Amino acid sequence: MKIGVLGAGSMGSGIAQVAASFGHQVVLFDSNIAVVDKALDSMSKSLDKLVEKGKMSAEDKNALMGRIQRSDNMEDYAGCGLIIEAIIENLEIKKSVFAKLEGIVGDDCILASNTSSLSIASIAAACKKSERVIGIHFFNPAPLMKLVEIIPAVQTSKGTLDQSKAIIDSWQKLTVLTKDTPGFIVNRVARPFYGEALRIFEEGIADIATIDWAMTELGGFRMGPFTLMDYIGNDINYTVTETVFTSFYYDPRYKPAFTQKRLAEAGYLGRKTGRGHYNYAEGTQQPVPNKDEQLGRMIFDRILVMLINEAADALFWQIASREDIDTAMMNGTNYPKGLLKWADEIGIATCVSRIDSLYELYREDRYRCSALLRKMAGEGKSFY
Ligand SMILES: NC(=O)c1ccc[n+]([C@@H]2O[C@H](COP(=O)([O-])OP(=O)(O)OC[C@H]3O[C@@H](n4cnc5c(N)ncnc54)[C@H](O)[C@@H]3O)[C@@H](O)[C@H]2O)c1
């Protein structure tokens, strides 16, 4: 099947590489052809490194690159069976592009969006055959991250869903099925990892180095929240939080933090600008964590239980299955364990009492316990 990729930025180029590596002819189009050339150049260089390391043969590399057609003409999409759109995150632009695509491709071509935050239903509404539209959400970098969220809209047909899943599964990705709701699984359930860490910092309970130390050393997370925010970029991470917050009708659980907003405004975006929560200038003395076990445990327990509450609530609202929620968080954000499995290990009743004590202290809706957790604790149930 010929695959079309629309947009050759960070995501589009990665997705094109994945599709070509599984033998597909790929049309890689961008409104700016220079971006396509740049993407192909950097793809070629990164594949050269695999060849040097003996992980790929030079013939395979050349064959892969040969399967990707550079394009500055959308008519090249004629004959594609699936098109994955990865252009700018703007609903009106995406809608007009989807409407235009329909005039080029055949009736059975699936049109997918890689959007992180827009509703798939609203994009599908731009198409005459809206049943062929679906969300296929890759993670960055697409060639390395195993997880792909599949998001059928209310209009999506079962055939479109089954076929899309089969194609992405054949690319050796781990697919999870999620409802067309803000943040899907990962960008929703992960919010407290940043939000609760920022809150603990803003209250003066601990500094950023101590919070990062607690989450990595005591919690087993690969990166602490502040290191990760600097890695993602405080502008991007802040915008995702703000979008999820507003999309959920201002649910206080997702409320963004001024600390991060100010960093974004100041241009302290993280690694990419040399300064974020941390200062990456050479020779800068990094803050030293306070390795107080008791303080560290308290921080870790608090952030983890807020993550568990979020995961349980996603299950409660049937956003995804328990297995898919755990798979998504382990593979989309590299969490050391599935959050629902983790809840079982801690004990559901213990999770509920930890959340309730936060609520007792703050009396804020942010700390309300998911009805599912409370019900399960009452019935002595576990997730698995
Ligand atoms: N970057 C991430 O971590 C990430 C992860 C998952 C999903 N996404 C989503 O993927 C999409 C793309 O993100 P990105 O980070 O690759 O963006 P990017 O800015 O790196 O690339 C976007 C590309 O789209 C092109 N473009 C813009 N308008 C166009 C149009 N009308 N027609 C054709 N090309 C057009 C631009 O020239 C640019 O090259 C967005 O919807 C984003 O929300 C991003």
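Before I compare the two halves of this chain, I should say that the domain bounds I use come from an automatic or database domain assignment. The structure you see above is a predicted model, so please keep that in mind throughout. With those bounds, domain 1 covers residues 3-177 and domain 2 covers residues 188-379, and the C-alpha centres of domain 1 and domain 2 lie 31 Å apart.

Let us look at where these two domains meet. Nine residues of domain 1 and eight residues of domain 2 take part in the contact. On the side of domain 1 that touches domain 2, at least two residues come from each of two strands, β7 (147-152) and β8 (174-177), and β8 gives the largest share, with three residues. If we sort that side of domain 1 by class, we find five nonpolar, two polar and two charged residues.

From here I would like to move to the helix α14, which spans residues 322-332, and whose buried residues are D324, I325, D326, A328, M329 and G332. What covers these buried residues? The cover of α14 includes the strands β7 and β8, which we have just met, together with the helices α7 (186-189), α13 (293-316) and α15 (339-346).

One residue of α14 deserves a longer look, and that is I325. Leaving out residues up to four places away in sequence, I325 touches I185, V189, A311, A314, L315, A320, L339 and L340. Now consider the largest nonpolar core, which has 107 residues, and ask which of them touch the most other members. They are I83, A311, I325 and L339, and you may recall that A311 and L339 are among the residues that I325 touches. Helix α13 supplies the largest share of this core, 12 residues, and the core takes at least three residues from each of domain 1 and domain 2. As background, in soluble globular proteins nonpolar side chains tend to be buried together.

What follows α14 in the chain? It is N334, with a positive phi near 60°, and N334 is not a glycine. N334 sits in the loop between α14 and α15, and because 14 other C-beta atoms lie within 10 Å, N334 counts as partly exposed.

Let me turn now to the ligand. Of the 24 residues around the ligand, those that come nearest are G7, G9, M11, S116 and N140. The elements that contribute two or more residues to this shell are α1 (10-21), α4 (91-102) and β6 (133-138), and the largest share, three residues, comes from α1. How many residues of each class does the shell have? There are 11 nonpolar, 11 polar and two charged residues in the shell around the ligand.

Since α1 gives that largest share, it is worth going through this helix with some care. Its 12 residues, at 1.5 Å a residue, should span 16 Å, and the end C-alpha atoms of α1 are 17 Å apart, so the two values agree. Is α1 mostly covered or mostly open? It is mostly covered, with 10 of its 12 residues buried, and these are M11, G12, S13, G14, I15, A16, Q17, V18, A19 and A20. Just after α1 comes G23, which has a positive phi of about 90°.

We can also return to N140, one of the residues that come nearest to the ligand, as the peptide bond from N140 to P141 is cis, with omega near 0°. P141 itself belongs to the loop between β6 and β7.

I will finish with two residues in loops of domain 2, beginning with M223, which is found between α9 (208-218) and α10 (225-232). M223 counts as partly exposed because it has 17 C-beta neighbours inside 10 Å. Apart from neighbours within four places in sequence, M223 is in contact with T216, L228 and Y231. From C-alpha to C-alpha, M223 and W213 are 8.9 Å apart in space, while in sequence they are 10 residues apart.

The other residue is Y249, in the loop between α11 (234-247) and α12 (258-266). Its phi is positive, near 55°, in a residue other than glycine. Is Y249 buried or exposed? Y249 counts as exposed, because it has 7 C-beta neighbours inside 10 Å, and a residue with 12 or fewer is placed in that class.

Key: Residues are numbered from 1 along each chain as its sequence is written. This is a predicted model: local features need pLDDT of at least 70, side-chain atom pairs count only at pLDDT 80 or more; totals for chains, interfaces and linings use all residues. Two residues are in contact if their C-beta atoms, placed from the backbone, lie within 7 Å. Helices (H or I, at least four residues) and strands (E, at least two) are DSSP runs, numbered from the N terminus. Ala, Val, Leu, Ile, Met, Phe, Trp, Tyr, Cys and Pro count as nonpolar, Asp, Glu, Lys and Arg as charged, and the others, Gly among them, as polar. A residue is buried if 20 or more other C-beta atoms lie within 10 Å of its own, exposed if 12 or fewer, and partly exposed in between; C-beta atoms are placed from the backbone. A nonpolar core is a set of buried Ala, Val, Leu, Ile, Met, Phe, Trp, Tyr and Cys residues joined through C-beta atoms within 7 Å. A residue is near a molecule or strand if its C-beta atom, placed from the backbone, lies within 6 Å of it. The expected span of a helix is 1.5 Å times one less than its number of residues.
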